[in-house]
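Grab your viewer and work through a few exercises on this chain. Try each task yourself before reading the solution.

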Amino acid sequence: MEYKLFGDYITLQALLKNLGIISSGGAIKSYLANTEVLFNGQRETRRGKKIRLGDQVAIPASNILITIVEPSSKEKAEYLSQLAEKERVAALVKELNQKNKKTSSIRDQK
């Protein structure tokens, strides 16, 4: 399978979580202790291992091979658009929370 990398790198923990191979970040230690995970053909046990374009992660017991690939320019544009929208919504929520906090503070003083 291919994993499209939009940043400079992804950690092994984040990769396995994003792909649904582990259920949570907390499960990674146990998973790596009990499951052979290969990074570019070598056994890997570091959950924070940085994985970059062109790298491969294999889980032989599950017959999984993950190749890290670069997304197309269209996919990059869509990703950046989604990221900008997320940031816009987060800023809006923060602004609304601050307004609500001020309003409730004024009410409490009365």
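**Exercise 1. Is Leu 92 buried, partly exposed or exposed, and where does Leu 92 sit?**

Step one: Leu 92 has a relative accessible area of 41%. Step two: buried means under 20%, exposed over 50%, and partly exposed in between, with a 1.4 Å probe and protein chains only. Leu 92 therefore counts as partly exposed. Step three: place Leu 92 in helix 3, residues 73–109. Helices here are DSSP runs of H or I with at least four residues, strands are E runs of at least two, and both are numbered from the N terminus. Step four: pick the C-alpha atoms of Leu 92 and Ile 21, which are 71 residues apart along the chain, and you get 34 Å between them.

A word on the input: this is a predicted model, where local features need pLDDT of at least 70, side-chain atom pairs count only at pLDDT 80 or more, and totals for chains, interfaces and linings use all residues. Residues are numbered from 1 along each chain as its sequence is written, and side-chain values use heavy atoms, with hydrogens and water left out.

**Exercise 2. Write down the order of the elements in the protein chain, then work out why the chain is more spread out than a compact globule.**

Step one: count three helices and seven strands. Step two: read from the N terminus, which gives β-β-α-α-β-β-β-β-β-α. Step three: the radius of gyration is 20 Å, well over the 13 Å that the globule rule gives for 110 residues, so the chain is more spread out than a compact globule. That radius is taken over C-alpha atoms, and the rule is 2.2 Å times the number of residues to the power 0.38. Step four: look at the spans of the C-alpha trace along its principal axes, about 65 × 35 × 20 Å. As for burial, 24% of the 110 residues count as buried.

**Exercise 3. Which strands make up the open sheet, and in what order?**

Step one: start with strand 1 (residues 2–4), which runs parallel to strand 7 (residues 64–69) and is joined to it by three bridges. Two strands pair if DSSP finds at least two bridges between them. Lys 4, for instance, has Val 69 as its bridge partner. Step two: strand 7 also pairs with strand 6 (residues 56–59), antiparallel and over four bridges, with Leu 65 as the partner of Ala 58. Step three: strand 6 meets strand 3 (residues 38–39) through two antiparallel bridges, and here Leu 38 stands opposite Ala 58. Step four: put it together as five strands in the order 1-7-6-3-4, with mixed pairing. Strand 1 and strand 4 (42–43) stand at the edges with a single partner strand each, so one side of each has no neighbour in the sheet.

**Exercise 4. Compare the loop residues Thr 35, Asn 40 and Asn 63.**

Step one: Thr 35 is in the loop between helix 2 (28–34) and strand 3, and at 14% relative accessibility it counts as buried. Leaving out residues up to four places away in sequence, Thr 35 touches Arg 43 and Ile 59, where contact means heavy atoms within 4.5 Å.

Step two: Asn 40, in the loop between strand 3 and strand 4, is partly exposed at 39%. Asn 40 isn't a glycine, yet its phi is positive, about 50°.

Step three: Asn 63 belongs to the hairpin of strand 6 and strand 7, which has four residues between the strands. Its phi is positive too, about 55°, and at 72% relative accessibility Asn 63 counts as exposed.
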